Amino acid sequence: MDGGDMETIMLGGSDLEVSRLAFGGCPMGGHGWGDVSRTALVQAVKASLDCGLNFFDTADTYGLGEGESVLGEALRGRRDQAVIATKFGVRVGAEGTHYDNSPAWIRTALEGSLRRLRTDYVDLYQIHYRDGRTPLADVVEALVDLREQGKIRCLGLSNVGQRDLDDIGVVVTDFVSFQNEFSLATRDHEEDITLLMTKFGLSPLTWGSLGQGILTGKYDASARFGPDDRRSRPVYVNFHGEKLERNLRIVAALRTVAAEVEKSVPAVALRWILDQLPGSVAIVGIKNRLQLDSNLEVIDWTLPADARELLDDVSRTEYATS
């Protein structure tokens with residue numbers, strides 16, 4: 001496909017025009033996703049830009065900064081074609097991992113991200129997780145100051161729900177988007193997502209859009225991962241026990257629809273998100289050009305009504321029994 005075919009939206013009320021498919025940067029960190037080639041990642045980022053995919057989502061904790069460094073390398077000479085979203089708020093140190101939204105850490109974290117990304121501004125700076133201590137108003141004050149300095153263009157939220165509504169409502173005009181996990185395999189946050197969209201007009205960005213890979217159709221009940229892949233751990237429930245069995249029933253439905261519409265299985269899974277959440281962006285982790293091409297099949301079509309109903313029904317049924 002060429003760049004002219006790419007679906008785009010304007011994030012929130014901002015002037016950020018982004019592709020509805022975002023290049024997820026977690027695998028760029030090179031940690032916990034099996035075999036990852038830096039060269040293949042850089043090539044995939046460049047190919048994304050050529051195809052009109054301009055939205056790249058990362059975080060300072062992905063590979064402890066490695067994810068941002070790879071993205072910065074890949075975008076060298078083409079920064080003006082990209083919309084970069086990164087996150088702050090998760091600190092990893094000798095004493096373990098904890099959340100920190102303090103103004104002092106925000107400034108330190110942003111400078112580190114800018115250095116690794118080889119840029120002097122971030123298009124979308126997002127609170128990765130709230131720390132439960134720093135008032136959101138204080139966080140926003142620090143971010144707005146950085147925005148006025150030209151180091152941030154827009155502000156975003158991540159991993160928020162109804163528990164945050166009162167706080168968000170006071171400062172919502174400063175934000176343009178929010179991220180939550182959402183896919184055919186994980187619909188737990190659907191009510192929160194719908195509420196944040198309708199009540200505040202924020203653009204939803206979905207992470208885990210392919211259920212950490214289970215919705216690609218590449219895996220069956222015998223799926224096994226090495227110790228260097230986080231999906232080997234039971235906490236990644238999509239690949240374990242009854243949840244895996246339920247997900248494979250969803251995958252069977254995806255294969256049926258994919259054959260009908262002549263698209264790849266992951267493209268159908270992603271298309272369901274884009275049709276289910278108008279004005280949304282699906283973030284998907286990409287490790288190489290082959291994965292990119294398969295995911296790009298999501299663009300510029302919609303699911304037939306009967307196919308969407310089938311996927312909606314099977315995923316609601318499986319989710320309801322979880």
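Which residue in strand 12 is the bridge partner of Thr206? It's Ala282, and we'll get back to that spot after a walk through the neighbouring strands. One thing up front: this is a predicted model.

**The parallel strands**

Let's begin with strand 9, residues 152-158. Strand 9 pairs with strand 10 in the parallel sense, over 4 bridges. Within that pairing, Ser158 stands opposite Gln179 of strand 10. To get from one strand to the other, the chain uses helix 5 (residues 165-171), and strand 9, helix 5 and strand 10 together make a right-handed β-α-β unit.

Strand 10 covers residues 175-181, and 7 of its 7 residues are buried, so the rest of the structure largely encloses this strand. On to the next neighbour: strand 10 also pairs with strand 11 (residues 203-207), again in the parallel sense, with 5 bridges. Asn180 has Thr206 as its bridge partner in strand 11. The route between these two strands goes through helix 6 (residues 190-200), and this β-α-β crossover is right-handed as well. Glu181 is another strand 10 residue with a partner here, standing opposite Trp207 in strand 11.

How many residues of strand 11 are buried? The count is 4 of the 5, so strand 11 too is largely enclosed by the rest of the structure. Strand 11 then runs parallel to strand 12 (residues 281-285), the two being joined by 2 bridges. That brings us back to the opening: Thr206 of strand 11 has Asn180 as a partner in strand 10 and Ala282 as a partner in strand 12.

**Salt bridges**

Now for the charged side chains. With N and O atoms within 4 Å as the cut-off, the model comes out at 24 salt bridges. Here are three of them, with the closest N to O distance for each.

| Salt bridge | N to O distance | Separation in sequence |
|---|---|---|
| Glu66 and Arg38 | 2.3 Å | 28 residues |
| Glu68 and Arg116 | 2.7 Å | 48 residues |
| Lys151 and Glu111 | 2.7 Å | 40 residues |

Take Glu66 and Arg38, which form a salt bridge. Glu66 sits in helix 2 (residues 66-74) and Arg38 in helix 1 (residues 38-50), so the pair ties together parts that are 28 residues apart in sequence. Both ends are partly exposed: Glu66 has 31% relative accessibility, and Arg38 has a relative accessible area of 33%.

Helix 2 supplies another acid, Glu68, which forms a salt bridge with Arg116. Arg116 belongs to helix 3 (residues 103-117), so to speak a distant part of the chain from Glu68. Is Glu68 buried or exposed? Its relative accessibility is 0%, so Glu68 counts as buried, whereas Glu66 is partly exposed.

Helix 3 is also where Glu111 is found, and its salt-bridge partner Lys151 lies in the loop between helix 4 (136-148) and strand 9. Lys151 is partly exposed, with a relative accessible area of 23%, and Glu111 is partly exposed too, at 35% relative accessibility. This contact leads back to where the strand tour began, since the loop holding Lys151 comes before strand 9.

Finally, there's a group that goes beyond a simple pair. Which residues make up the network of salt bridges? They are Glu7, Arg20, Arg271 and Asp275, linked to one another in that network.

Notes: Residues numbered from 1 in each chain as written. Predicted model: local features only at pLDDT ≥ 70, side-chain atom pairs only at ≥ 80, totals over all residues. Heavy atoms only, no water. Buried < 20%, exposed > 50% of the residue type's maximum accessible area, 1.4 Å probe, protein only. Pairing = 2+ DSSP bridges. Right-handed = clockwise from strand over helix to strand, strands pointing away.
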